[in-house]
Amino acid sequence: MKSSNERVFKMSFASVYPHYVAKAEKKNRTKAELNQIIFWLTGYDEAALKSILADKTNFEDFFGNAPQLNPNVSKITGVICGCRVEEIEDPLMQKIRYLDKLVDELAKGKPMEKILRN
């Protein structure tokens, strides 16, 4: 299992980001909404995101260098990829799955207030 996680951690965020965008847009959501979720979760802003995408920052550094993980992440619960996000033991994998879960909720048409746990 460890090697599979390692592979994910070393993947560039830029290689996955277009899939997040496509998933959102396919369900009539916007890239701006996706970015709002990323900013809410990590504390990054537009300029930082552009830099991360340009530099092909990997997931490990993407979350490791995040300005501030949102204090409400503990409110993100449910199943993603067959695992309950609140029970994932590896802290980095949990953060990645938090993002996956939020993108899923966006694609499923949940209102932004609910996605952002307001």
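The exercises below, each with a worked solution, concern a predicted model.

**Exercise 1. Helices α2 and α3**

Work out how α2 and α3 are oriented to each other, and which residues make their contact.

*Solution.* Begin with the axes: those of helix α2 (residues 13-26) and helix α3 (residues 31-42) come within 9 Å and cross at roughly 125°. An angle counts as roughly perpendicular from 65 to 115 degrees and as roughly antiparallel over 145, and α2 and α3 are therefore oblique to each other. As for the handedness, α2 passes α3 in a right-handed crossing. The contact is formed by Phe13, Tyr17, Tyr20, Val21 and Glu25 on the side of α2, and by Lys31, Leu34, Asn35 and Ile38 on the side of α3. Sorted by character, the residues of this contact between α2 and α3 comprise 6 nonpolar, 1 polar and 2 charged.

**Exercise 2. Helices α2 and α6**

Classify the packing of α2 with helix α6 from the angle between them, and describe the residues of their contact.

*Solution.* The axes of α2 and helix α6 (residues 91-107) lie 9 Å apart, and the two helices pack at an angle of about 25°. Because angles under 35 degrees count as roughly parallel, α2 is roughly parallel to α6. From α2 the contact takes in Phe13, Tyr20, Lys23 and Ala24, while α6 contributes Leu99, Asp100, Val103, Asp104, Leu106 and Ala107. The residues in this contact of α2 with α6 divide into 7 nonpolar and 3 charged, with no polar residue.

**Exercise 3. Asn35**

Locate Asn35, and decide whether Asn35 is buried or exposed.

*Solution.* Asn35 has its place in helix α3. The relative accessible area of Asn35 is 6%, and since buried means under 20%, Asn35 is buried. Leaving aside residues up to four places away in sequence, Asn35 touches Tyr17, Glu46 and Leu49. Asn35 and Tyr17 are also among the residues that make the contact between α3 and α2.

**Exercise 4. Cys81 and Cys83**

Explain why Cys81 forms no bond with Cys83, and state how accessible each of these cysteines is.

*Solution.* Take the distance as the starting point: the cysteine sulfur closest to that of Cys81 belongs to Cys83 and is 7.2 Å away. A disulfide requires two cysteine sulfur atoms within 2.5 Å, so the sulfurs of Cys81 and Cys83 are too far apart for a bond. Cys83 is likewise in no disulfide, and the count comes to 0 disulfides. Turning to accessibility, Cys81 counts as exposed because its relative accessibility is 55%, whereas Cys83, at 39% relative accessibility, counts as partly exposed.

Note on methods
Residues are numbered from 1 along each chain as its sequence is written. This is a predicted model: local features need pLDDT of at least 70, side-chain atom pairs count only at pLDDT 80 or more; totals for chains, interfaces and linings use all residues. Side-chain values use heavy atoms; hydrogens and water are left out. Buried means under 20% relative accessible area, exposed over 50%, partly exposed in between (1.4 Å probe, protein chains only). Axes are lines fitted to C-alpha atoms, for helices over the stretch in contact, and angles run from 0 to 180 degrees between N-to-C directions. Helices (H or I, at least four residues) and strands (E, at least two) are DSSP runs, numbered from the N terminus. A crossing is left-handed if the near helix is turned anticlockwise from the far one by less than a right angle, and right-handed if clockwise. Contact means heavy atoms within 4.5 Å. Ala, Val, Leu, Ile, Met, Phe, Trp, Tyr, Cys and Pro count as nonpolar, Asp, Glu, Lys and Arg as charged, and the others, Gly among them, as polar.
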